Amino acid sequence: MIAELAVGGIAYWKRDNIESTLVIAWDEASNDTRSEVQGIFECCGWLNLNEGVKPCNYTITCSSAIVDGVKSSLLGVAIVGIIVAIIQILAFVLAGCFFCCCIRNKYNYEQEEQEELLSIKKNPKYEKMESKRQEVADTHAYYRQKYANVT
């Protein structure tokens, strides 16, 4: 996420510095490369129309065509990078909220079980059943002890 925000921000921030980089690239390019670029961008020369490698009929210089194209592309890269990062941050926050809700629901469910158990224990029928169970357990213990010594 941080890298996407950084790429988007740097692409937008550096869009004004792209012209100097493109001038260096144009100066270092071979005539074949310049000719190919002029055909792709439909432009002539770098700063004036008469600088072209071959005579051409285009009415725009390559500096304006290429710089405008690169700047608009960088703006697109910046926008996409920032939007993707924002979506990921929102997904992260929503996942955290979902996790918290799941934990809270589990805690509430356990609390409800305990409250239900307490309400059962407060029921008079439960007290009678518990006393009967204790009576049966005492009877079993008595007979176990009585017949344990018989053998």
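In this predicted model, a nonpolar patch on the surface is formed by Leu75, Ile79, Ile83 and Ile87, which together offer about 350 Å² of accessible area. One member of the patch, Ile83, sits in helix α4, a helix that covers residues 62–122. Ile83 has a relative accessible area of 44% and is therefore partly exposed, since this class lies between the buried limit of 20% and the exposed limit of 50%.

The cysteines come next, and a short reminder may help here. A disulfide is a covalent bond that joins the sulfur atoms of two cysteines. With a cut-off of 2.5 Å between the sulfur atoms, the count in this model comes to 2 disulfides.

One of these bonds pairs Cys43 with Cys62, and their sulfur atoms are 2.0 Å apart. The torsion about this S-S bond is about 90°, so the disulfide of Cys43 and Cys62 is right-handed. The pair links distant parts of the chain: Cys43 belongs to the loop between α3 (31–41) and α4, while Cys62 belongs to helix α4, and the two are 19 residues apart. Are these two cysteines buried or exposed? Cys43 has a relative accessibility of 0%, so it counts as buried. Cys62 is likewise buried, because its relative accessible area is 0%.

The other bond joins Cys44 and Cys56, with 1.4 Å between their sulfur atoms. Cys44 lies in the loop between α3 and α4, and Cys56 lies in the loop between α3 and α4 as well, so this pair ties together parts that are 12 residues apart in sequence. As for accessibility, Cys44 is at 0% and so counts as buried, whereas Cys56, at 26%, counts as partly exposed.

How are the bonded cysteines paired when they are numbered in sequence order? The pairing reads 1-4, 2-3. Two further cysteines deserve a look. Cys97 takes part in no disulfide, and the nearest cysteine sulfur to it, that of Cys100, is 6.6 Å away. That distance lies outside the 2.5 Å cut-off, which explains why Cys97 and Cys100 do not count as a disulfide. Cys97 is partly exposed, because its relative accessible area is 43%. Cys100 is in no disulfide either, and the nearest cysteine sulfur to it is that of Cys97. With a relative accessible area of 45%, Cys100 is therefore also partly exposed.

Technical notes:
Residues are numbered from 1 along each chain as its sequence is written. This is a predicted model: local features need pLDDT of at least 70, side-chain atom pairs count only at pLDDT 80 or more; totals for chains, interfaces and linings use all residues. Side-chain values use heavy atoms; hydrogens and water are left out. Patches are made of residues with over 30% relative accessible area and no salt bridge: like charges are joined within 9 Å, nonpolar side chains (Val, Leu, Ile, Met, Phe, Trp, Tyr) within 5 Å. Accessible areas come from the Shrake-Rupley method with a 1.4 Å probe; for residues, only the protein chains shown count as cover. A salt bridge is a side-chain nitrogen of Lys or Arg within 4 Å of a carboxyl oxygen of Asp or Glu. Helices (H or I, at least four residues) and strands (E, at least two) are DSSP runs, numbered from the N terminus. Buried means under 20% relative accessible area, exposed over 50%, partly exposed in between (1.4 Å probe, protein chains only).
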